[in-house]
Structure formats: structure tokens, C-alpha cells
Amino acid sequence: MVRGNIYGIPSVVVDTHVKRVSNMLGFTNSQDPVKIEFELMELLPEKNWIAYNTQIIAHGRKVCIARRPQCTSCFLADLCDHNNREKGEQ
């Protein structure tokens, strides 16, 4: 996060929130942070890496909470593999 937010060097940082939310959205199936980092770098445009980190960490802390995601108040719910499985849509 320091590298991106302080020095402006594009990077993807995989913490517990990025890992969980990226898995729930279906961006990755991996549990390995290094693999997730490289998968997200392939999936997302480089110009969005820093913003993705910041926004997904905040989303994971406030909405997509571990063990009790707030799917009914999530603006990503329609795009979320986890939510769609819970609703029986996938």
C-alpha cells in the first residue's frame, strides 16, 4: 500500500480483505496471495491497481465482512459469484 499510495508505483497488494472479496467476486479461486496478486494484475488495468486495493479493502471492512457479508446492501451483489450462488443463480 505504501508503494502505491505514497510513491505512486502501481501495485496490487493482497491482504485478507482483497483475498476474500476477490474470491467472492469470482476474480480468483486461489488462496495463495502471490497467485492472487498476479491474477489480479492480469485482470485489472494497471492504472486501477492502487484504487482497487484501497476500495476493496474498505469494502471488505464495511460491507463484505468475513463470515457475515452484507449482501443485501452491497452495490456489487449482482456481479458477485458468492451472492449469486447464495440466491441459487449459478
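At what angle do the axes of α2 and α4 cross, and within what distance do they come? In this predicted model, local features require pLDDT of at least 70 and side-chain atom pairs count only at pLDDT 80 or more, whereas totals for chains, interfaces and linings use all residues. Residues are numbered from 1 along each chain as its sequence is written, and side-chain values use heavy atoms, with hydrogens and water left out.

The axes of α2 and α4, lines fitted to C-alpha atoms over the stretch in contact, with angles from 0 to 180 degrees between N-to-C directions, cross at roughly 85 degrees and come within 8 Å. The two helices are therefore roughly perpendicular to each other (65 to 115 degrees).

Helix α4 comprises the 14 residues 49-62, and its end C-alpha atoms lie 20 Å apart, in agreement with the 20 Å expected at 1.5 Å a residue (1.5 Å times one less than the number of residues). Its buried residues (under 20% relative accessible area, 1.4 Å probe, protein chains only) are Trp49, Tyr52, Asn53, Ile56, Ile57, His59 and Gly60. Seen down the axis of α4, these fall within an arc of 165 degrees, so they line one face of the helix. The face turned away from the buried side carries Gln55, Arg61 and Lys62, which are exposed (over 50%).

The cover over the buried residues of α4 includes α2 (16-25) and α3 (33-43). Within α2, His17 counts as buried at 15% relative accessibility. Apart from neighbours within four places in sequence, His17 is in contact (heavy atoms within 4.5 Å) with Ile56, Ile57, Gly60 and Arg61.

Conventions
Helices (H or I, at least four residues) and strands (E, at least two) are DSSP runs, numbered from the N terminus. The arc is that of the directions from the helix axis to the C-beta atoms. Angles under 35 degrees count as roughly parallel, over 145 as roughly antiparallel, 65 to 115 as roughly perpendicular and the rest as oblique.
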